[in-house]
Amino acid sequence: ICVKNLNKRYRARDGDVPALADVNIDVAEGEFVTIVGPSGCGKSTLLYILGGFIGADAGTIEVNGKSVTGPGVDRGVVFQEYALFPWLTVTQNIRYGLEMNGTSRQRCEETVARLVRTIGLQGFEHRFPRELSGGMKQRVAIARTLAYDPKILLLDEPFGALDALTREGMQDELLRLWQATRKTVVMVTHDVNEAVYLSERVLVMSQRPGRIVQEFQVAIDRTGERDVTVLNDDFNQLRNEVWLAVRKQAAARSM
């Protein structure tokens, strides 16, 4: 992913609202990058531009050397809202994108069965979203996105609506999936702990109009249990540095 000199303004009755200003980002293939920053700084706007859902006013956005002009199957998006079809079961929701792409029935069944095992929902295959917990719904949403095998995952606060323990479980699940698939991931979150725990690199955005003002490389050992990782001195030092950087940007609003 290559973003150069990206600018975006929203039109309003009382004047234009600048959302992004001269944003520059490069994300390597297989890298996990998280964007943090004050509320309203344009993080989600940037993600939607990468997804092709909205256009930029200036600058260039390229994926694998090609300009982004709209949504594409190379980019899978997971939103904070689960966005599941309530009239479809777990397997039907996961299968939906495959069927729309004309995938054979056998391939659909194999892919769905594999993903149900991957997200740990065996026994819930024929349940409807209303019969699932929040964490289960988000697992289904992630599985549905993974089903058509996008090269890039764009995650917009995917666990923001979950309780703390469920959120930690889903973070572990996402980390495991990324380590297994090594897909390129760009995630937006307000949670600094989440950003440092999951990412290889954390980017901090300024107040609106958002721009990248600081970058942190994350080199922590994630081979052990979660408790070992988050109690490690290196993790906590980096987490505190990122938190202070975000806090500094948030404080700039009142200056």
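**Exercise 1. Find which residues of α2 and α4 meet, and work out how the two helices lie.**

Step 1: start with the contact. In α2, the residues V90, N93, I94 and L98 meet V140, A143, R144 and A147 in α4. Here contact means heavy atoms within 4.5 Å. Helices (H or I, at least four residues) and strands (E, at least two) are DSSP runs, numbered from the N terminus.

Step 2: sort those residues by class. The contact of α2 with α4 has 6 nonpolar, 1 polar and 1 charged residues. Ala, Val, Leu, Ile, Met, Phe, Trp, Tyr, Cys and Pro count as nonpolar, Asp, Glu, Lys and Arg as charged, and the others, Gly among them, as polar.

A quick note on the model before going on: it is predicted, so local features need pLDDT of at least 70 and side-chain atom pairs count only at pLDDT 80 or more, while totals for chains, interfaces and linings use all residues. Residues are numbered from 1 along each chain as its sequence is written, and side-chain values use heavy atoms, with hydrogens and water left out.

Step 3: look at the geometry. Two packed helices are described by the angle between their axes and the distance between the axes. For α2 and α4 the angle is about 30°, and the axes are 7 Å apart. Axes are lines fitted to C-alpha atoms, for helices over the stretch in contact, and angles run from 0 to 180 degrees between N-to-C directions.

Step 4: name the arrangement. α2 and α4 are therefore roughly parallel to each other. The cut-offs: angles under 35 degrees count as roughly parallel, over 145 as roughly antiparallel, 65 to 115 as roughly perpendicular and the rest as oblique.

Step 5: add the hand. α2 and α4 cross in a right-handed way. A crossing is right-handed if the near helix is turned clockwise from the far one by less than a right angle, and left-handed if anticlockwise.

**Exercise 2. Do the same for α2 with α3.**

Step 1: helix α2 covers residues 90-100 and helix α3 residues 105-118; their axes come within 10 Å and cross at roughly 135°. That makes α2 oblique to α3.

Step 2: the crossing of this pair, α2 and α3, is right-handed.

Step 3: now the residues. T91, I94, R95, L98 and E99 in α2 meet C108, T111, V112, L115 and V116 in α3. Split by class, the contact of α2 with α3 has 6 nonpolar, 2 polar and 2 charged residues.

**Exercise 3. Describe how α4 packs on α5.**

Step 1: the axes of α4 and α5 come within 10 Å, crossing at roughly 20°. That makes α4 roughly parallel to α5.

Step 2: α4 passes α5 in a right-handed crossing.

Step 3: G135, Q138, R139, I142 and L146 in α4 meet T166, M170 and L177 in α5. The classes in the contact of α4 with α5 are 4 nonpolar, 3 polar and 1 charged.

**Exercise 4. Describe the largest pocket and the largest cavity.**

Step 1: get the pocket's volume, which is about 420 Å³ for the largest pocket. Of the 21 residues that line the largest pocket, R75, V77, R144, T145 and Y148 are the closest to its centre.

Step 2: trace where the pocket's lining comes from. β6 (75-78), α2 and α4 (134-147) each supply at least two of its residues. That lining divides into 13 nonpolar, 5 polar and 3 charged residues.

Step 3: turn to the cavity. The structure holds 1 cavity of 30 Å³ or more, and the largest cavity has about 50 Å³ of space. On a 1 Å grid over the protein atoms alone, a cavity is a set of points where a 1.4 Å probe fits but cannot get out, and a pocket is an open set with protein on both sides within 12 Å along at least five of seven lines; lining residues have an atom within 4 Å of a point. Grid points are joined across faces, edges and corners, and a volume is the space filled by probe spheres set on the points.

Step 4: α5 (164-181) is one of the elements that line the largest cavity, and α5 gives the most, with 4 residues.
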